[in-house]
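Subject: Handing over the structure

Dear colleague,

I am passing this structure on to you, and I would ask you to keep it open beside this message while you read. After it I set out what was found, one topic at a time.

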Amino acid sequence: MSQAQNITWHQSAVTKEDRRKQNAHQSFVIWLTGLSGSGKSTLANELAKELYQRQVRNYVLDGDNIRHGLNKDLGFSDEDRKENIRRIGEVSKLFVDSGTVVLTAFISPFIEDRESARQILGEGEFHEIYVKCPLEECENRDPKGLYKKARKGEIREFTGIDSPYEEPASPEFVVDTQASSIEECTAQVIAYLESNNLI
């Protein structure tokens, strides 16, 4: 028997549009996807600071941080990765409903899962940004020493080594962290948001 039976959605007295009006800005998700070491978390936090300075309410959902709490019961099998992204999509939807800009930093390696997250959100609320960086460069950076462990076989199912990463086919925006500094990438994303009247 489904656990979702005999429940009814309770409409909120304060709507998403009410909260957006109070905050004086739109709410949406900036979904940063890319290989480990590409700069997703660093970019998300730089964007958070810039948006904060502009009085734009925002919150960063970081892959590692989420796995310390909400998703600590999940491993790195394809099934668990799918559930990881599904949960983040649902949490992102709640933040968007609260009138907040969400900055997610997740490898989210599979196109199907990213598209499923997009479908959870409303029209125009999901902005996939590909944090592009070649595997070789990410491996050279290796800020957490994970690639080295993966090459030694100490970590299994590691994206880019023995688990695939599917590049976005048509992301809303692409930043190249090998060609541009984090400061430049931040400015590029802000310009994208401004040009689309999101901030």
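**Aromatic rings**

Phe95 is partly exposed, with a relative accessible area of 23%. Before going further, please bear in mind that this is a predicted model, and that the values below were computed from it.

How many aromatic pairs does a search of the whole structure find? The search gives six aromatic pairs. One of them joins Tyr59 and Phe95, whose rings are stacked, with 5.1 Å from centre to centre and 15° between the planes. The word "stacked" applies because planes under 30 degrees apart are counted that way, and 15° is the angle found for Tyr59 and Phe95. This pair links distant parts of the chain, since Tyr59 belongs to strand E2 (residues 58–62) and Phe95 to helix H4 (residues 78–97), with the two positions 36 residues apart. Tyr59, for its part, is partly exposed, and its relative accessible area is 43%.

Elsewhere, Trp31, Phe106 and Phe126 come together as one aromatic cluster. A ring can also be faced by a charged side chain, as you can see where Arg67 lies over the face of Phe76, at 3.9 Å from the ring centre.

**Two pairs of packed helices**

Two packed helices are described by the angle between their axes and by the distance between those axes. For helix H2 (residues 40–53) and helix H8 (residues 182–195), the angle is about 55° and the axes are 9 Å apart, and H2 and H8 are therefore oblique to each other. H2 passes H8 in a right-handed crossing. On the H2 side the contact is made by Thr42, Leu43, Glu46, Leu47, Glu50 and Leu51, and these meet Ile182, Cys185, Thr186, Val189, Ile190 and Leu193 of H8.

What are the angle and the axis distance for H4 and H5? Here H4 and H5 pack at about 20°, with 9 Å between their axes, which makes H4 roughly parallel to H5. The reasoning rests on a cut-off, because angles under 35 degrees count as roughly parallel. The crossing of H4 past H5 is right-handed. The residues that meet are Arg81, Lys82, Ile85, Arg86, Gly89, Glu90 and Lys93 in H4, and Glu112, Asp113, Ala117 and Ile120 in H5.

**Two buried residues**

Is Ser108 buried or exposed? With a relative accessible area of 3%, Ser108 is buried, although its place is in the loop between strand E3 (101–105) and helix H5 (111–120). When neighbours within four places in sequence are left aside, Ser108 is in contact with Trp31, Thr33, Ile85, Arg114 and Tyr165; of these, Trp31 has already appeared as a member of the aromatic cluster, and Ile85 as one of the H4 residues that meet H5. Ser108 and Leu35 are separated by 73 residues in sequence, yet their C-alpha atoms are 8.7 Å apart in space.

Tyr130, in strand E4 (residues 126–132), is likewise buried, with a relative accessible area of 8%. Leaving aside neighbours within four places in sequence, Tyr130 touches Thr33, Gly34, Tyr165, Glu167, Pro168, Pro171, Phe173, Val174 and Val175. From C-alpha to C-alpha, Tyr130 and Leu35 are 9.6 Å apart, while 95 residues separate them in sequence.

**Exposed residues and positive phi values**

Most residues other than glycine have a negative phi. Against that background you may wish to look at Gln55, which is not a glycine and yet has a positive phi of about 65°. Gln55 sits in the loop between H2 and E2, where it is exposed, with a relative accessible area of 63%. Asn197, another residue other than glycine, has a positive phi near 55°; Asn197 is found in the segment after H8 and counts as exposed at 63% relative accessibility.

Lastly, Pro143 lies in the loop between helix H6 (135–141) and helix H7 (146–151), and Pro143 is exposed, with a relative accessible area of 64%. The C-alpha atoms of Pro143 and Ala48 are separated by 21 Å, and these residues are 95 residues apart along the chain.

With kind regards

Terms used
Residues numbered from 1 in each chain as written. Predicted model: local features only at pLDDT ≥ 70, side-chain atom pairs only at ≥ 80, totals over all residues. Heavy atoms only, no water. Phe/Tyr/Trp six-rings, centres within 6.5 Å; stacked < 30°, edge-to-face > 60°. Helix = DSSP H or I, 4+ residues; strand = E, 2+ residues; numbered from the N terminus. Buried < 20%, exposed > 50% of the residue type's maximum accessible area, 1.4 Å probe, protein only. Lys NZ or Arg CZ within 6 Å of the ring centre and 35° of its normal. Axes fitted to C-alpha atoms, helices over the stretch in contact; angles between N-to-C directions. Parallel < 35°, antiparallel > 145°, perpendicular 65-115°, else oblique. Left-handed = near helix turned anticlockwise from the far one by under 90°. Contact = heavy atoms within 4.5 Å.
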